[in-house]
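Please read the following walk through one protein with the model open beside the text. Each paragraph takes up one part of the fold.

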Amino acid sequence: MRLFIFSFILFLGSVELKAQRVCSSTSQASYAPTAFSITSQNNNVPIEQVITIPVVVHVLYNSATENISEAQIISQIEALNADFAKTNKDFNKVPAVFAKLAASTNIRFELAKTNPMGQSTTGIVRKKTTRLMWSDDNKIKAEASGGSTTWDANSYLNVWVCNTVPGLTGYASFPGSAMATDGIVVRYDAFGTTGKIAFPFNKGRTLTHEVGHWLGLKHLWGDQQCGDDGIEDTPKQRGGNTGDPVFPKISPCSPNPDGEMFMNYMDFTNDASMGMFTEGQKKAMRTQFAVSGSRNSFLKSKGLAAAWNNMAPEVLPVNTRNLVVYPNPVHTSTMRLVVNTPMGVNGKNFAIIASNGQVVKTGHIQEMEQEIDVQHLSAGMYQIRLTDTESNSHTKFIKN
Ligand code: ZN
Ligand code: CA
């Protein structure tokens, strides 16, 4: 998904230059937007239906400066919504030839109201860290590696805000990525429109760009010289444009008189030079919410519903009490496993271990409560445990 070494060289190479957007989200070679390969789109969400995505913002700070204010976070959500709704105040700067292709996506974002445990939340998690800066290695996405663990990525857009290594403004995971690392990382001073923000990434567009990736959009040039993003209404582009280009920017790759669409959110230009997604990009993003799409689960998210669990909104330790098997003893061919952790369960794995230490069954955890087939287990005592490194939850059960 991401070319670690290449992107590292890229952004280290740009450190001494003027501030330049560096997003290290590089789509997998096999990944391609599907909007135009689907001829029958009758399982798509109707284009007029507004889709609202619950967002959790994990603020990882070392210095007080990095512990950005709630006002800064809210300003980012507002900017994101304006960009996705084409209500951005600077839309009038988009040249008419491109403005006519611009879309209001009918995709919205709100800070989560309820956490994966069903408890009331502000949608903001704050955590002090000893780490001075973070690279694009996903370590920020797990408690075990010093980060803040991903909330159920089937229901929440996880956004981590932190001090990134010099030059890196952000990175995102594409649809279909591993649940445990699904989400977006943004540098704290490139986040929001007020507070600790730094020119030229002071209009919240780093997140707009990264959410584009998170919903399957590629960079306009498809990360290749004169490449393509698979979207029909965005012109081919020589590479990433930076700074504040002057319209029209003609290149050998887009020899039309209108040139390259450097004001598109999926370019690398300064925040002030961006201002639109196209209708084609809108269709591609919304395809992710179709029944067969990678983001379809968001239509059923409870992240914006009223809290249903009145326990204090605190992070419970992951321990045996949070892993429950019933009925116990198991006298049926299936049993129910309940995994009750504050960070959600998706993407975790379990193993059932017999009393002789032999692993007799393994599987993926898909939901907080799921059915496990134990028909083939002989009578006896078993241990079931989560096998991921960040948790050592386990409990015992008896099969009759
Ligand atoms: Zn990018
Ligand atoms: Ca294109």
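Strand E4 and strand E6 (residues 184–187) run parallel to each other and are joined by 4 bridges. In this pairing, Trp160 stands opposite Val185 of E6. The model is a predicted one. E4 also pairs with E1, again in the parallel sense, this time over 5 bridges. Here Trp160 of E4 is the bridge partner of His58.

How many of the residues of strand E4 are buried? The count is 6 of the 6 residues in the stretch 157–162, so the strand is largely enclosed by the rest of the structure. A residue counts as buried when 20 or more other C-beta atoms lie within 10 Å of its own. Both faces of E4 are covered: Leu157, Val159 and Val161 are buried on one side, and Asn158, Trp160 and Cys162 are buried on the other.

Some of these residues reappear in the largest nonpolar core, which has 63 residues. Val55, Val159, Val161, Cys162, Ile184, Val185 and Val186 have the most contacts inside this core. The elements that give two or more residues to the core are E1, H2, E4, strand E5 (170–172), E6, helix H4 (205–214) and helix H5 (279–287). E1 supplies the largest share, 6 residues. In soluble globular proteins, nonpolar side chains tend to be buried together. Val186 shows what the surroundings of one core residue look like: leaving out residues up to four places away in sequence, Val186 touches Val159, Val161, Gly170, Phe191, Thr206, Leu207 and Glu210. A second core, separate from this one, has 14 residues, among them Leu337, Phe350, Ile352 and Phe397.

Helix H2 is one of the elements that contribute to the largest core. This helix has 16 residues and spans 22 Å from its first C-alpha to its last, close to the 22 Å expected at 1.5 Å a residue. The buried residues of H2 are Gln72, Ile73, Ser75, Gln76, Ile77, Ala79, Leu80, Asp83 and Phe84. They pack against E1, strand E2 (107–111), strand E3 (124–128) and H4. After H2 comes Lys86, which has a positive phi, near 60°.

On the other side of H2 in the sequence, a loop connects strand E1 (51–61) to helix H2 (70–85), and Ser63 lies in this loop. Is Ser63 buried or exposed? Ser63 counts as exposed because it has 10 C-beta neighbours inside 10 Å, and the limit for exposed is 12 or fewer. Ser63 and Thr129 are 66 residues apart in sequence, while their C-alpha atoms are 8.8 Å apart in space.

Another part of the fold is an open sheet of 3 strands, in the order E7-E8-E11, with antiparallel pairing. Strand E7 (323–326) and strand E11 (369–373) are at the edges; each has a single partner strand, so one side of each is left without a neighbour in the sheet. On average, neighbouring strands of this sheet are turned by 25° against each other, direction ignored. Strand E8 (residues 334–339) pairs with E11 over 5 bridges, and Met335 has Ile372 in E11 as its bridge partner.

The last step is the protein as a whole. Its secondary structure comes to 5 helices and 13 strands. Of its 400 residues, 45% count as buried. Among contacts with a separation of 6 or more, 69% are between residues 24 or more positions apart.

Terms used:
Residues numbered from 1 in each chain as written. Chains lettered and ligands numbered in written order. Predicted model: local features only at pLDDT ≥ 70, side-chain atom pairs only at ≥ 80, totals over all residues. Pairing = 2+ DSSP bridges. Contact = placed C-beta atoms within 7 Å. Core = buried A, V, L, I, M, F, W, Y, C linked by C-beta atoms within 7 Å. Axes fitted to C-alpha atoms, helices over the stretch in contact; angles between N-to-C directions. Expected span 1.5 Å × (residues − 1).
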